[in-house]
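Below is a short briefing on one protein model. It goes from the overall fold to single elements and residues, and then to the main pocket.

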Amino acid sequence: MSVAVLLVGVNPAWAQFDINKALQGLSGVTESGLSDAKIGSGLQEALKVGTENAVNITGQTDGFFKNQLIKILMPKTLQNMEKPLRFVGYGPQIDEFVLGMNRAAEKSVPFAKDIFWDAIGQMSFDDARKILAGSDTAATDYFKAKTSKKLQAAFKPSVEEVMGQVGVNQQYNELIGRYKDVPFAKSVTFDVNQYVTEKTTDGLFFVVGQEEKKIRTNPAARVTDLLKEVFSKR
């Protein structure tokens with residue numbers, strides 16, 4: 001049975017759920033010869049390593065911008081105006097606008113840690129069973145269902161602040177103003193802060209899923225002795 005994945009250390013709320021006892025009822029877990037306590041510790045460490053990796057990867061400079069799988073691009077709503085604006089010489093401004101959106105995302109993702117901790121603390125026995133016996137992204141899917149709205153609420157103030165600091169909102173308004181001067185241009189109304197907030201959340205979950213898969217399937221991703229011992233015998 002595949003055992004799991006991504007973040008967090010001991011949180012007071014975790015006391016509500018004794019994972020060591022919960023693991024006793026899972027088929028095949030005790031056949032490895034490992035104690036329930038060690039298996040429980042290994043799962044917690046896997047959760048911590050995976051999510052911390054994801055936050056560190058996405059939260060560094062260029063963590064979004066140079067990762068083509070999560071890079072925040074011009075919104076579809078605005079893509080119709082990109083070509084005519086580039087044609088009249090506004091390509092550099094568009095590029096700066098895209099860079100600024102990604103910088104805002106990179107500055108926001110560290111806020112995810114506490115929210116993931118809360119989700120772990122609220123995990124029930126049924127949640128744990130589904131995650132431990134689930135797909136390669138079972139924990140990511142669990143976190144996505146439990147934390148997406150909270151993450152967006154936490155990210156948005158930071159996104160708005162950084163967007164203001166690096167001039168993204170000003171650039172957006174200037175681009176919209178220039179686009180209105182283009183013959184036959186259609187009116188555009190768009191919440192760019194909400195767009196960046198949603199894309200930040202999506203990008204973080206994508207990388208969390210990648211880290212989860214590594215810990216489940218790749219021995220090299222088990223970076224501590226405890227992870228190596230627990231996951232090599234599962």
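From the N terminus on, the elements run α-α-α-α-α-α-α-α-α-α. This is a predicted model, and the protein in it has 10 helices and 0 strands.

**Overall fold**

- Of the 234 residues, 47% count as buried.
- The accessible surface comes to about 11,700 Å², and carbon and sulfur atoms account for 50% of that area.
- Contacts between residues at least 6 apart in sequence are mostly long in sequence terms: 81% of them join residues at least 24 apart.

**Helix 4**

- Helix 4 covers residues 91–108, which makes 18 residues.
- From its first C-alpha to its last, helix 4 reaches 26 Å, close to the 26 Å expected at 1.5 Å a residue.
- Its buried residues include the hydrophobic side chains Ile-94, Phe-97, Val-98 and Met-101.
- Gly-91, Gly-100, Asn-102, Ala-104, Ala-105, Glu-106 and Ser-108 are also among the buried residues of helix 4.
- An α-helix has 3.6 residues a turn, so residues three or four places apart point the same way.

**Ser-158 in helix 7**

- Ser-158 lies in helix 7, which spans residues 138–165.
- With a relative accessible area of 9%, Ser-158 falls under the 20% cut-off and is therefore buried.
- Leaving aside neighbours within four places in sequence, Ser-158 is in contact with Lys-107, Ser-108 and Phe-111.
- One of these partners, Ser-108, is itself a buried residue of helix 4.

**Thr-201 in helix 9**

- Thr-201 is found in helix 9.
- Its relative accessibility is 1%, so Thr-201 counts as buried.
- Not counting residues up to four places away in sequence, Thr-201 touches Ser-148, Leu-151, Gln-152 and Phe-155.

**Largest pocket**

- The largest pocket holds about 180 Å³ of space.
- Its lining is made up of 14 residues, and those closest to the pocket centre are Leu-69, Ile-70, Lys-71, Ile-72 and Lys-199.
- Two elements, helix 3 (76–87) and helix 9 (192–217), give two or more residues to the lining.
- Helix 9 provides the largest share of the lining, with 5 residues.
- By type, the lining residues divide into 7 nonpolar, 3 polar and 4 charged.

Definitions and conventions: Residues numbered from 1 in each chain as written. Predicted model: local features only at pLDDT ≥ 70, side-chain atom pairs only at ≥ 80, totals over all residues. Heavy atoms only, no water. Helix = DSSP H or I, 4+ residues; strand = E, 2+ residues; numbered from the N terminus. Expected span 1.5 Å × (residues − 1). Buried < 20%, exposed > 50% of the residue type's maximum accessible area, 1.4 Å probe, protein only. Contact = heavy atoms within 4.5 Å. 1 Å grid on protein atoms, 1.4 Å probe; cavity = no way out; pocket = protein on both sides within 12 Å on 5 of 7 lines; lining within 4 Å. Points joined across faces, edges and corners; volume = space filled by probe spheres on them. Areas by Shrake-Rupley, 256 points an atom, 1.4 Å probe, with all protein chains shown as cover.
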